[in-house]
Amino acid sequence: MHTLVIPTPFPVGPVNCYLAEGDELTLIDTGPKDAAALAALREELRARGFALSDVRRVIVSHAHVDHMGLAAQIVAESGARVLAHARNRWWLTDFHNEWGRRYDFYRTVARQSGAPPEYADRVVQGMQIFSRYADPIPAENFVALEDDAAVTLGDAAWRVVFAPGHAGGLICLHDPSSRTLMASDHLLRDITSNPVLEPPARDEAARPRALVDYIASMEKTLQLAPQVVLPGHGEPIYDVRALIAARLAFHRARLDHIEAQLRCCASTAYELCNVLFPKLKSFDVFLGLSEVIGHLDLLERAGRIRCEMRDEVIRYVPV
Ligand SMILES: [Zn+2]
């Protein structure tokens, strides 16, 4: 398994893609649709004796542009199949329409969070920029992967581990024999993974409860007891159990903090966002709101708060 470090124009820095040799040359994640990323991907492949046209399969861990943006280019040059969890079907095959569905959703979320209208404008402007960094793949190249599906990479039998949270359709890949987990953005060593707010899937009515799903996915990956995690950004993780424990503790502390803020100083998601992340600017405010709403979902699930809709704004009240 080769690690290909591909630059991105995003604050997160470069993305780790992985290359598996074998009967079918397989690339796991692609980098964004961006000239520097494409040049780097070509060079990384060339250094190992391959060209883009040799790729037979692309496995997409989740439908964020830094992980799948170049899929269409790779398919155009190689005819590769693109494997991803079924929840990414429309993101991959109908990218621009699927992305566009976010705009109305985020306007509604911003309004219900009590944010001023210019906030929603900034978020949507930020969203529109991301749409440059990917193109859709042809529908016939898409192959849906289900949880626990077997995937041969090199000569090892890996399994798909559906781990929604950071994204609704995120998968990890697990090799039980080497206890290696390719975790994408599910687990990162140096930063916490944002539970990114997503609109309901096309055939579903409710939006995913991203942080509720994320905590469940972390517990699921903990059960696998991986020895090493290969993440989507940054260095491999060896002390996996300690990292997951630290992440869970971090979220527990944040739940307590948010609940305390609701008792004294805030009642809407936007007010909480300003208390927790007063320095966030532009698009990052959206990530802050995702984080806050994720925790509010968890508190509500746990029966610690309830929400009331007043004048189209959701207010949260400790129970
Ligand atoms: Zn991501």
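# Exercises on a predicted model

Strand 10 is mostly covered, with 5 of its 5 residues buried. Keep in mind that the model is predicted.

## Exercise 1: The faces of strand 10

Task: work out which residues of strand 10 lie on one side and which on the other.

Solution.
- Step 1. Start with a general rule: in a regular strand, side chains alternate between the two faces of the sheet.
- Step 2. Apply the rule here: T180, M182 and S184 fall on one side, and L181 and A183 on the other.
- Step 3. Check the burial of each group: both faces of strand 10 are covered, and these residues are all buried.

## Exercise 2: The partners of strand 10

Task: find in which sense strand 10 pairs with strand 9 and in which sense with strand 11.

Solution.
- Step 1. Look at strand 9 (171-175). Strand 9 pairs with strand 10 in the antiparallel sense, over 3 bridges. L173 stands opposite M182 of strand 10.
- Step 2. Follow the chain between these two strands. Their hairpin has 4 residues between the strands, and R179 there takes a positive phi near 50°.
- Step 3. Turn to strand 11 (228-231). Strand 10 and strand 11 pair in the parallel sense over 4 bridges, and L181 has V229 as its bridge partner in strand 11.

## Exercise 3: Helix 7 and what covers it

Task: determine which residues of helix 7 are buried and what covers them.

Solution.
- Step 1. Begin with the span. Helix 7 has 14 residues and reaches 20 Å from its first C-alpha to its last, close to the 20 Å expected at 1.5 Å a residue.
- Step 2. List the buried residues: A210, L211, D213, Y214, I215, S217, M218 and T221.
- Step 3. Recall a general point about spacing: an α-helix has 3.6 residues a turn, so residues three or four places apart point the same way.
- Step 4. Look for the cover. The elements over the buried residues of helix 7 include strand 8 (156-162), strand 9, strand 10, helix 8 (240-264) and helix 10.
- Step 5. Look just past the end: helix 7 is followed by A225, which has a positive phi near 45°.

## Exercise 4: Where helix 7 meets helix 10

Task: describe how the axes of helix 7 and helix 10 cross and which residues make the contact.

Solution.
- Step 1. Take the axes of helix 7 (residues 210-223) and helix 10 (residues 284-301): they come within 7 Å and cross at roughly 75°.
- Step 2. Name the arrangement: helix 7 is therefore roughly perpendicular to helix 10.
- Step 3. Find the residues. Helix 7 contributes A210, L211 and V212, while helix 10 contributes S290, G294, H295, D297, L298 and R301.
- Step 4. Sort the residues of this contact by character: 4 are nonpolar, 3 polar and 2 charged.
- Step 5. Consider helix 10 itself. Helix 10 is mostly covered, with 14 of its 18 residues buried. Just after helix 10, G303 has a positive phi of about 75°.

## Exercise 5: The open sheet

Task: find which strands stand at the edges of the sheet.

Solution.
- Step 1. Read the order: 6 strands form an open sheet in the order 1-2-3-4-5-6, with mixed pairing.
- Step 2. Pick out the edges. Strand 1 (2-6) and strand 6 (142-145) each have a single partner strand, so one side of each is without a neighbour in the sheet.
- Step 3. Add the twist: neighbouring strands of this sheet are turned by 25° against each other on average, direction ignored.
- Step 4. Inspect one pair. Strand 4 (residues 57-59) and strand 5 (residues 81-85) run parallel, joined by 3 bridges, and I59 has L83 of strand 5 as its bridge partner.

Key. Residues are numbered from 1 along each chain as its sequence is written. This is a predicted model: local features need pLDDT of at least 70, side-chain atom pairs count only at pLDDT 80 or more; totals for chains, interfaces and linings use all residues. Axes are lines fitted to C-alpha atoms, for helices over the stretch in contact, and angles run from 0 to 180 degrees between N-to-C directions. Angles under 35 degrees count as roughly parallel, over 145 as roughly antiparallel, 65 to 115 as roughly perpendicular and the rest as oblique. Two residues are in contact if their C-beta atoms, placed from the backbone, lie within 7 Å. Ala, Val, Leu, Ile, Met, Phe, Trp, Tyr, Cys and Pro count as nonpolar, Asp, Glu, Lys and Arg as charged, and the others, Gly among them, as polar. Two strands pair if DSSP finds at least two bridges between them. The expected span of a helix is 1.5 Å times one less than its number of residues. A residue is buried if 20 or more other C-beta atoms lie within 10 Å of its own, exposed if 12 or fewer, and partly exposed in between; C-beta atoms are placed from the backbone.
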